[in-house]
Amino acid sequence: MSGGGEKGSATTKTPADFLKSIRGRPVVVKLNSGVDYRGILACLDGYMNIAMEQTEEYVNGQLKNNSVHQHFKADSSRWGLALIVPCNVAMRS
């Protein structure tokens with residue numbers, strides 16, 4: 001019966017575990033509109049409300065705006081959140 005007990009919960013990761021692991025790290029938030037926001041993930045709740053710091057807004061790959069804080073409310077249809085991607089992109093200062 002080798003290997004029967006090797007599948008443990010220690011190796012099982014949930015989406016919540018993943019999101020906790022990227023808090024405080026650089027991420028790209030991609031919206032369905034094609035706009036990308038790059039910054040530090042400050043906060044994320046169970047409703048997918050997002051707060052970012054040191055945020056850069058990119059439209060069609062071009063930097064359009066810098067802001068200290070950016071908030072995305074999950075139930076707002078104008079955002080149309082597509083996905084959150086961890087990245088190793090150096091942030092502009």
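**Reasoning about E57, N66 and R38**

Tutor: In this predicted model, E57 is placed in strand β3, residues 50-59.

Student: What makes E57 a residue with no salt bridge?

Tutor: The nearest side chain of opposite charge, K64, is 8.6 Å away from E57. A salt bridge requires a nitrogen of Lys or Arg within 4 Å of a carboxyl oxygen, so E57 has none. E57 is nevertheless buried.

Student: What joins the side chains of E57 and Y37, and why does it receive that name?

Tutor: The two side chains are joined at 2.9 Å. The cut-off for a pair of N or O atoms is 3.5 Å, and therefore the name is polar contact. Apart from residues up to four places away in sequence, E57 touches V35, D36, Y37, Q62, L63, K64 and N65.

Student: Why is N66 called partly exposed?

Tutor: Its relative accessibility is 49%. Buried means under 20% and exposed means over 50%, so N66 falls in between and counts as partly exposed. N66 belongs to strand β4, residues 62-72, and its contacts, neighbours within four places in sequence aside, are T55 and E56.

Student: How far apart are N66 and R38 in sequence and in space?

Tutor: They are 28 residues apart in sequence, and their C-alpha atoms are 9.6 Å apart.

Student: How do you know that the charged end of R38 sits over the ring of Y58?

Tutor: The charged end of R38 is 4.7 Å from the centre of that ring. The distance limit is 6 Å, with a further condition of 35 degrees from the ring normal; the charged end of R38 is accordingly assigned a place over the ring of Y58.

Terms used:
Residues are numbered from 1 along each chain as its sequence is written. This is a predicted model: local features need pLDDT of at least 70, side-chain atom pairs count only at pLDDT 80 or more; totals for chains, interfaces and linings use all residues. Side-chain values use heavy atoms; hydrogens and water are left out. Helices (H or I, at least four residues) and strands (E, at least two) are DSSP runs, numbered from the N terminus. Buried means under 20% relative accessible area, exposed over 50%, partly exposed in between (1.4 Å probe, protein chains only). Contact means heavy atoms within 4.5 Å. Lys and Arg count as positive and Asp and Glu as negative; His and the chain ends are not counted. A polar contact is a pair of N or O atoms within 3.5 Å; within protein, one must be able to donate a hydrogen and the other to accept it, and residues adjacent in sequence count only if both atoms are side-chain atoms.
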